[in-house]
Amino acid sequence: MTEAVEVPSPPDELPVDLGRSHELKPHPKIPRATKPLLICVLDGFGESKYQDEYNAVHMAKMPTMNGLRAGAPDRWRLIKAHGTAVGLPSDADMGNSEVGHNALGAGQIVDQGAKCVDRALRTGEVWTLPGWKAIEGAAVSGTLHLIGLLSDGGVHSRYDQLQHIVNGAIEHGVRRIRFHVLSDGRDVDENSAVAWVARLQKDVDAWNAEHKDCDLRIASGGGRMKTTMDRYESDWNVVKNGYYAHVLGEAPHTGTSALELVRALKKDNEVSDQYVDPWVVVDDAGAPVGAVQDGDAVVTFNFRADRMVEIAKALEYKDFDAFDRKRWPRIEYAGIMQYDGELKLPKTFLVPPPVIENASEQYLVASGVRIFACSESQKIGHVTFFWNGNRSGYLDPKLETFVEVKSDQNISFDQKPKMKAHQIAERVKEAILSGKYDVIRCNFPNPDMVGHTGKLQACIAGCTAADEGVTILLDAIKEVGGMYLVTADHGNAEDMVQRNKDGSPKMDANGKPMELTSHTLNPDLPKAGLANVTATYMNMLGFSAPDFYEPSLIEAE
Ligand SMILES: O=C(O)[C@@H](CO)OP(=O)(O)O
Ligand SMILES: [Mn+2]
Ligand SMILES: [Mn+2]
């Protein structure tokens, strides 16, 4: 039996008073649904013009999805899931789960964290805001520690933003900076960690040379899937590894040069950047060069929330028992953003996060709609936290039920590409058949999570498992006479190879195709995007959507 747990609602939390203003009006033509509506997200499932052997969606056995595509082409819509259509700075930005699920849940295009941080840094406003003012004293008198993902992937962080932060901090009197950098390999080339650390080291040397009284050093790091960036409490050991390396200065690998350490750990590219072990830079006497001390300032510079919430708790919460911190220094800590609006975590943040108001859930619960949401640990927050505008918990525990199926821990998902697709499907099927819910939403992580490993065969198996999950759910929804809407949050699995300009696969020195681990941004219809899906499901339920929502994809005769 796989463990599945209902997400508890905090005992002392009263339902939010939603007032009457969120009650939806009936649709003039579509009757109020009396049977459940299934909203199913295939995470990382996209379409590509390359219908070749590197397209896992094309290669996988997906009879149900293919049947939907072929059987009702008028209802199969390609919509935008990247760039400005989901509130990202430019159309060169690939989509991701946060912005995708925010759009699906909120029905509006909201400027996303990356854009807010860009603006605050470009205008210099960030240095005038309360967040910086709160930590400035400690940053100037102690050490400023910068913790985050080192790449230009733009999903969680961006290197140019890190450069701006350092330049601004030096201008504002900071003299000692320590970098704690996580290697990516998921949103960028999976073997680029050495190049990224080399690039940072070059900049660090230049900063030190330009400002003679400055002392900047790279202090610790590790691959993001092993160090610091866990999410939804899938595996606290990952955060423990990070806390020990960044804060305590303890890690399985130590050495006097960050670049040499990463070079050694990446020897022959046997391990993807995502899974590099944690490491710490030490001085000649073996002492860490950047452990966090009382009186220091810490900034986590990832703007995206899900993978920062746990480390933020470890840094900020006095009462904390997820692992033994051994030492909890008294510091001034700020996130570049606030990561959880409900928990107000962290208390201090440099840039105010996008406020996503009037999410669909607010309207639905105010209209008495009973909601069930489910995924496995890796993605449960996508259909709850992101869906509801980065708010954890329930809006109305009487009407909402969230169920988490526990994910496997400590593995790379190419080893078990089916993940928990069947367990999710069984649990969701039960909810459909129970008659207890009006809206049932779920997320199958396979095309995305296995897609990120870059392993084509595994990704094909993952897509097949997701399709089997959808099959179970559509059978159940047909059994009760309900409706369904199957969508995705961005692409990934449909392109598993890096390509040359002419579309041919890029080969490495040994003639092997170069894996593509990242999300994709395949072009689609000019207008509609993920935010248009929200009004669509409100209409399907028989409601008119709020007039400021992006328009529905369906029209009633
Ligand atoms: O794993 C993640 O954090 C991102 C990629 O960086 O993927 P997704 O947006 O699909 O969650
Ligand atoms: Mn996703
Ligand atoms: Mn992903």
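A residue counts as near a molecule if one of its heavy atoms lies within 4 Å of it. Keep that in mind for the views below, which come from a predicted model.

**View 1. Ligand 1 and the residues around it.**
Let us start with ligand 1, which has 17 residues around it. Which of them come nearest? They are S97, H156, R231, R304 and R307. Look for the polar side-chain atom of R231, which lies 2.8 Å from an oxygen atom of ligand 1. The side chain of R186 also has an N or O atom 2.9 Å from an oxygen atom of ligand 1. For H452, a polar side-chain atom is found 3.4 Å from an oxygen atom of the ligand. How much of ligand 1 does the protein bury? Taken alone, ligand 1 exposes 310 Å², and the protein buries 100% of that.

**View 2. The manganese ion called ligand 2.**
Here you can pick out the protein donors of the manganese ion (ligand 2): D43 (OD), S97 (OG), D489 (OD) and H490 (NE2). These donors lie 2.0 to 2.2 Å from the ion. Along the chain, their spacing reads D-x53-S-x391-D-H. Two of the donor residues, S97 and D489, link distant parts of the chain, being 392 residues apart. S97 belongs to helix α3 (residues 97-106), while D489 is in the loop between β13 and α15. Are these two residues buried or exposed? With a relative accessible area of 2%, S97 is buried. D489 is buried too, at 0%. You have met S97 already, as one of the residues that come nearest to ligand 1.

**View 3. The manganese ion called ligand 3.**
Now move to the other manganese ion in these views, 4.3 Å from the manganese ion (ligand 2). What coordinates the manganese ion (ligand 3)? D448 appears twice in the list, each time through an OD atom, and H452 (NE2) and H519 (NE2) complete the list, at 2.1 to 2.3 Å. In sequence the donor residues follow the pattern D-x3-H-x66-H. The pair H452 and H519 links distant parts of the chain, 67 residues apart. You will find H452 in the loop between α13 (446-449) and α14 (456-479), and H519 in the loop between β13 (483-488) and α15 (532-540). Both histidines are tucked away from the surface: H452 counts as buried because its relative accessibility is 3%, which is under 20%. H519 counts as buried at 6%. What is the geometry of this site? The site has six donor atoms, with angles of 57 to 169° among them, and is irregular.

**View 4. Helix α4 and what covers it.**
This view follows helix α4 (residues 113-123). Which of its residues are buried? They are G113, A114, C116, V117, D118, A120 and L121. An α-helix has 3.6 residues a turn, so residues three or four places apart point the same way. As you look around the buried residues of α4, you will see that their cover includes α6 (159-171). Just after α4 comes G124, with a positive phi of about 80°.

**View 5. V299 in strand β8.**
Next is V299, in strand β8 (residues 297-300). V299 counts as buried, at 2% relative accessibility. What does V299 touch, not counting residues up to four places away in sequence? Its contacts are I135, L144, H145, L146, I147, A334, I336 and L350. L149 is 150 residues from V299 along the chain, and their C-alpha atoms are separated by 12 Å.

**View 6. S412 and its partners.**
In the loop between β11 (400-405) and α12 (421-434) sits S412. This serine counts as buried, at 14% relative accessibility. A polar contact of 2.4 Å joins its side chain to that of D414. Leaving aside neighbours within four places in sequence, S412 is in contact with Y275 and T453.

**View 7. Backbone details in the loops.**
Most residues other than glycine have a negative phi, and most peptide bonds are trans. K326, in the loop between α10 (309-316) and β9, has a positive phi near 60°. K326 counts as exposed, at 53% relative accessibility. In the loop between β9 and α11 you will find K344, with a positive phi of about 55°. K344 is exposed, at 52%. P346 is also placed in the loop between β9 (332-335) and α11 (360-366). Which kind of peptide bond joins L345 and P346? The bond is cis, with omega about -10°.

Technical notes. Residues are numbered from 1 along each chain as its sequence is written. Chains are lettered from A and ligands numbered from 1 in the order in which they are written. This is a predicted model: local features need pLDDT of at least 70, side-chain atom pairs count only at pLDDT 80 or more; totals for chains, interfaces and linings use all residues. Side-chain values use heavy atoms; hydrogens and water are left out. Donors are N, O and S atoms within 2.8 Å of the metal (3.2 Å for Na, K and Ca); water is not among the atoms, so sites may look incomplete. Four donors count as tetrahedral if all angles lie between 85 and 135 degrees; four count as square planar and six as octahedral if opposite donors are over 155 degrees apart and all others between 65 and 115; anything else is irregular. Helices (H or I, at least four residues) and strands (E, at least two) are DSSP runs, numbered from the N terminus. Buried means under 20% relative accessible area, exposed over 50%, partly exposed in between (1.4 Å probe, protein chains only). A polar contact is a pair of N or O atoms within 3.5 Å; within protein, one must be able to donate a hydrogen and the other to accept it, and residues adjacent in sequence count only if both atoms are side-chain atoms. Accessible areas come from the Shrake-Rupley method with a 1.4 Å probe; for residues, only the protein chains shown count as cover. Contact means heavy atoms within 4.5 Å.
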